[in-house]
Amino acid sequence: MTADVIVIGAGFAGLYAVRRAVSTGLSVLGIEAAPDVGGTWYWNRYPGARCDVESVDYSYSFDEALQQSWTWSERFAAQPEILAYLRHVADRFDLRRHYRFGVDVIGAEFDQEAGGWRVRTRDISQGGESSHAAQFFVCATGCLSAVNRPDIPGADDFAGDVYFTAAWPREDPDLRGKRVGLIGTGSSGIQAVPIIAGQAERLVVFQRSANYSIPMPNRPWSAEEQRRIREEYPERRRMSAYASAGTPHGTYHKKALEADPDERIEALWRRWREGGVLFAKTFPDQNSDPAANDVAREFAEERIREIVHDPVVAADLIPVDHPIGTKRICTDAGYYATFNRDNVRLVNLRREPIDAIVPEGVRTGAATYPCDVLVFATGFDALTGALTRIDPSGPRGARLRDIWADGPVTFLGLMVPGLPNLFTISGPGSPSVLANMVLHAEVQVDWVIELMLTARRLGVHEVEPRRDAADAWTEHVAKAAEQTLFPKASSSWYLGANIEGKKRIFMPYAGGFGTYRRHCEAVADQNYAGLVLTTR
Ligand code: NA7
């Protein structure tokens, strides 16, 4: 065996998995496609890239000394600062020495004779292939890492430069004086648009589905705030540990319609001004009661109409296919106001779909838009894509793609029946993108490493969820989604709707981070009920 554990990924989850495994005496091989640590925050370096969760929460909690060693400069950290933080963590715990960087995983098979996984890799720059073996295989491959490169006719014929927000060049391209076409209006497009509009000669934004976006009132932390943050960190983490989204924030103390109209509007204004994703959870019932949702939705739509001067453009920017917050709500720095600029134009692809990309630009049903540069902000094959692209196969020949042919089946979003000793950090069936991803990764990794240590202690070679236990969890995940309005977002990547041919199933666990954590604890407390532990 090359190591006890192979970990794929050097983002928040992968780095913590390596750190935790090493600290408990397990030997680890980390594999990462990028040349350095960072994961999502390595690749997504497009203009305006910023986390929509406050910096003080979107950071590791496992080590108080680490917490005290880092000072966030802004309320919402930009990509370079988050990447610098992850480099700091890698340096501090000397994690890079466990990794092979610049290496792509091309397949993984469970070898029952050897009692573990054989993971096949290709060196991205040299091209050589290798094979590595370990008893345990941790996929910390990220929810938003398999880039969606839409198959638009003529894409290869475009004469200008093409960039993907999710694989942005390390050297920022110079867009000054350029006519830029940007396709995609999710978080990435919405963050990039105001900045590109300020650089380019002209910007045409191609919108297939409008999204709700909340202004992000970002600002530097003052020295006094930074001091207080450090002092109050333990309390902040305590409040987050079992909270529904893994942050210390709650909702308004009354349901939307229990509050009188003035009170409602005041509560909404407060959240609007606080900014960021919290607006999606102003009222406790906003995500489950359509009438409560309408209150917040109408408030947000009024703001869009106030900001955007041209009423036709404003109407186009208002979503028509989902209750607010049921697709990932976006946060922006002047997105709507950008459409008041003379050099910016919105093209509604629902009215004039793209026919083709042509050498000189983008041709829709109504016109050809000349472009020197195309920016694809077209998102990801989210939640499952990074895993199904590896398509691990288990001891009885079961392949992940087959096991998940009708949608992801998991135990706690962490394990898959038929694939022993394999763990999917932030996998479908866990809260993942609905929660604070950093604390979520810590909870899952702690659980997984504890299971590995228990298996070692008991002389167990294989740990695998029973099919009925995985089915029961998957059903529980579906039921939790049914209690919410999430499944009503017909074009959401939460449901896989952005990828052609992908099964439409709401994938994250909507029961809340705290509830999820208690489920994980209960399974461990009941001697891993639901798992089969096999000794050879
Ligand atoms: P998203 O949110 O998936 O957004 C991708 C956008 O690209 C979205 O507007 C898509 O429209 C659009 N898209 C995708 N394919 C096409 C094609 N073929 N033609 C036109 N438009 C297309 O990805 P982001 O990177 O912005 O954000 C992902 C998450 O990262 C975000 O939610 C945060 O959690 C952080 P659609 O909606 O599918 O109609």
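Buried area is the accessible area, taken with a 1.4 Å probe, that two parts lose on being put together, summed over both. In this predicted model, that quantity describes how two domains meet.

**The two domains**

The protein divides into domain 1 (2-146 + 381-534) and domain 2 (147-212 + 252-285 + 288-379). Their contact takes 31 residues from domain 1 and 33 residues from domain 2. Taken over C-alpha atoms, the centres of domain 1 and domain 2 are 29 Å apart. Between domain 1 and domain 2, the buried area is about 2600 Å², and carbon and sulfur atoms give 50% of that area.

Polar interactions also link the two parts. The count of salt bridges between domain 1 and domain 2 is one, while 12 residue pairs, both at pLDDT 80 or more, are in polar contact between these domains. On the side of domain 1 that touches domain 2, the residues comprise 15 nonpolar, nine polar and seven charged. A salt bridge joins the side chains of Asp 52 and Arg 328, with an N to O distance of 3.0 Å.

**Pocket and cavities**

The second largest pocket holds about 880 Å³ of space. Its lining consists of 40 residues, of which Ser 244, Ala 245, Lys 281, Asn 287 and Leu 434 are the closest to its centre. Domain 1 (2-146 + 381-534) and domain 2 (147-212 + 252-285 + 288-379) both give residues to the lining of this second largest pocket, and therefore the pocket lies between them.

The model also has enclosed spaces: the count comes to three cavities of 30 Å³ or more. The largest cavity has a volume of about 70 Å³. Among the residues that line the largest cavity are Trp 70, Trp 72 and Trp 221, together with Val 56, Ile 229 and Tyr 233. The lining of the largest cavity also includes Thr 71, Gln 226 and Arg 230.

The table sets out the residue classes of the two linings and of the domain 1 contact side.

| Surface | Nonpolar | Polar | Charged |
|---|---|---|---|
| Lining of the largest cavity | six residues | two residues | one residue |
| Lining of the second largest pocket | 18 residues | 15 residues | seven residues |
| Side of domain 1 that touches domain 2 | 15 residues | nine residues | seven residues |

Notes
Residues are numbered from 1 along each chain as its sequence is written. Side-chain values use heavy atoms; hydrogens and water are left out. On a 1 Å grid over the protein atoms alone, a cavity is a set of points where a 1.4 Å probe fits but cannot get out, and a pocket is an open set with protein on both sides within 12 Å along at least five of seven lines; lining residues have an atom within 4 Å of a point. Grid points are joined across faces, edges and corners, and a volume is the space filled by probe spheres set on the points. Ala, Val, Leu, Ile, Met, Phe, Trp, Tyr, Cys and Pro count as nonpolar, Asp, Glu, Lys and Arg as charged, and the others, Gly among them, as polar. Domain bounds come from an automatic or database domain assignment. Contact means heavy atoms within 4.5 Å. A salt bridge is a side-chain nitrogen of Lys or Arg within 4 Å of a carboxyl oxygen of Asp or Glu. A polar contact is a pair of N or O atoms within 3.5 Å; within protein, one must be able to donate a hydrogen and the other to accept it, and residues adjacent in sequence count only if both atoms are side-chain atoms.
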